[in-house]
Amino acid sequence: MQASVSVVICTYQGEAYVAAQVQSILAQTYPLHEIIVLDDASTDNTYALLQDLASKDTRIQLYRNENNIGYNANFEKGIRMASGEYIAIADQDDIWELEKISKMMNTLQPETALIYCDSVRFSTTLPNNPQTNKKNRRIEGKDPELFAMFNTVSGHASIAKTSFVKSVLPFPEKVYYDWWLAINATISGGIQFLPFIGVYQRMHN
């Protein structure tokens, strides 16, 4: 039986890109348990677009903050809502490969706290022949000192055990949430790296 996966996506002023990202998540070949979307008090059309998407797919659970709380706190809020055995974190403006979740979950070892894949950057159009990101250090294992100065384990490319993630909440205010998760994962079962481009990370001018 396949493990259940919750996707947590946080949005803010993302009307130009959020629909494409949500569609790439909905199209995943792995059956998703739920897609928790938290809008952080956007003032553009982001929330209206999300309402339309949610009305067409019951997996989407849509929430809206009355006040802007920032991405660290917003991701923490979404993580606390997740009920799947694993959590996949999503940014609002990326594009996921269709087999991202499937390949990662099929590679995942039972003791692993967090697994992540490769991601490549783009600005307007997806690359026809994407190459692996040579700046990524492909960190694996159980040594927290690997993250003492630098981190390339990105939240948008990660899947983690829900029990592990919730055990290290709350996120510190002055530490990036994905850096915090990566450090703690090394001492909570270890980290795996999958050499597969699962995310196209959109960059902005």
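Start with strand β7, which gives the most to the lining of the largest cavity, with three residues. Before going further, keep in mind that this is a predicted model. The cavity itself has a volume of about 40 Å³, and a search of the whole structure turns up two cavities of 30 Å³ or more. If you want to select the walls in your viewer, pick I87, I89, L114, S158, I159, A160, V165 and L181. Two elements give two or more residues to that lining: β4 (86–90) and β7 (158–161). As for chemistry, the lining has seven nonpolar residues, one polar residue and no charged ones.

Now for the strands around that cavity. β4 and β7 run antiparallel and are joined by three bridges. Look at I87 and you'll find A160 of β7 standing opposite; both of these residues are also on the list of those that line the largest cavity. β7 has another antiparallel partner in β6 (residues 114–122), again over three bridges. Here Y116 stands opposite S158, and I115 has I159 as its bridge partner. A handy thing to remember while stepping along any of these: in a regular strand the side chains alternate between the two faces of the sheet.

Stay with β6 for a moment. Besides β7, β6 pairs with strand β8 (residues 191–202), this time in the parallel sense and over nine bridges. S119 facing V199 in β8 is one place to see that pairing. How enclosed is β6? Eight of its nine residues are buried, so β6 is largely enclosed by the rest of the structure.

On to the nonpolar packing. The largest nonpolar core has 31 residues, and I35 and I101 touch the most other members. Helix α1 gives the most to this core, with four residues. There is also a second, separate core of 27 residues, which includes A82, I139, A185 and I191. Back at I35, leave out the neighbours within four places in sequence and the contacts are V7, I9, I25, L26, R59, I60 and Q61. That list includes R59 and Q61 alongside residues such as V7 and I9.

Next comes an open site, the second largest pocket, with about 170 Å³ of space. Its lining is made up of C10, T11, Y12, D40, N68, G70, Y71, N74, F75, D91 and Q92. The elements giving two or more residues here are β1 and α3, and α3 has the largest share, with three residues. By class, you get four nonpolar, five polar and two charged residues, whereas the lining of the largest cavity has no charged residues.

One residue in that pocket lining deserves a stop: N74. N74 sits in helix α3 (residues 71–81). Is N74 buried or exposed? It is buried, with a relative accessible area of 1%. Setting aside residues up to four places away in sequence, N74 touches C10, T11, L38, D39, D40, N65 and I69. Among those contacts, C10, T11 and D40 turn up again in the lining of the second largest pocket.

Finally, some backbone geometry to check. Most residues other than glycine have a negative phi, and most peptide bonds are trans. Q13 goes against the first of those habits, with a positive phi near 50 degrees. You'll find Q13 in the loop between β1 (5–11) and α1 (18–26), and it is partly exposed, with a relative accessible area of 34%. A41 also has a positive phi, of about 60 degrees, although it is not a glycine. Its place is in the loop between β2 (34–39) and α2 (46–54). With a relative accessible area of 18%, A41 counts as buried, because the cut-off for that label is under 20%.

Which peptide bond is cis? Look at the one from L169 to P170, where omega is near 5 degrees. P170 lies in the loop between α5 (162–167) and α6 (177–186).

How values were computed
Residues are numbered from 1 along each chain as its sequence is written. This is a predicted model: local features need pLDDT of at least 70, side-chain atom pairs count only at pLDDT 80 or more; totals for chains, interfaces and linings use all residues. Side-chain values use heavy atoms; hydrogens and water are left out. On a 1 Å grid over the protein atoms alone, a cavity is a set of points where a 1.4 Å probe fits but cannot get out, and a pocket is an open set with protein on both sides within 12 Å along at least five of seven lines; lining residues have an atom within 4 Å of a point. Grid points are joined across faces, edges and corners, and a volume is the space filled by probe spheres set on the points. Ala, Val, Leu, Ile, Met, Phe, Trp, Tyr, Cys and Pro count as nonpolar, Asp, Glu, Lys and Arg as charged, and the others, Gly among them, as polar. Buried means under 20% relative accessible area, exposed over 50%, partly exposed in between (1.4 Å probe, protein chains only). Two strands pair if DSSP finds at least two bridges between them. Contact means heavy atoms within 4.5 Å. A nonpolar core is a set of buried Ala, Val, Leu, Ile, Met, Phe, Trp, Tyr and Cys residues joined through side-chain atoms within 4.5 Å.
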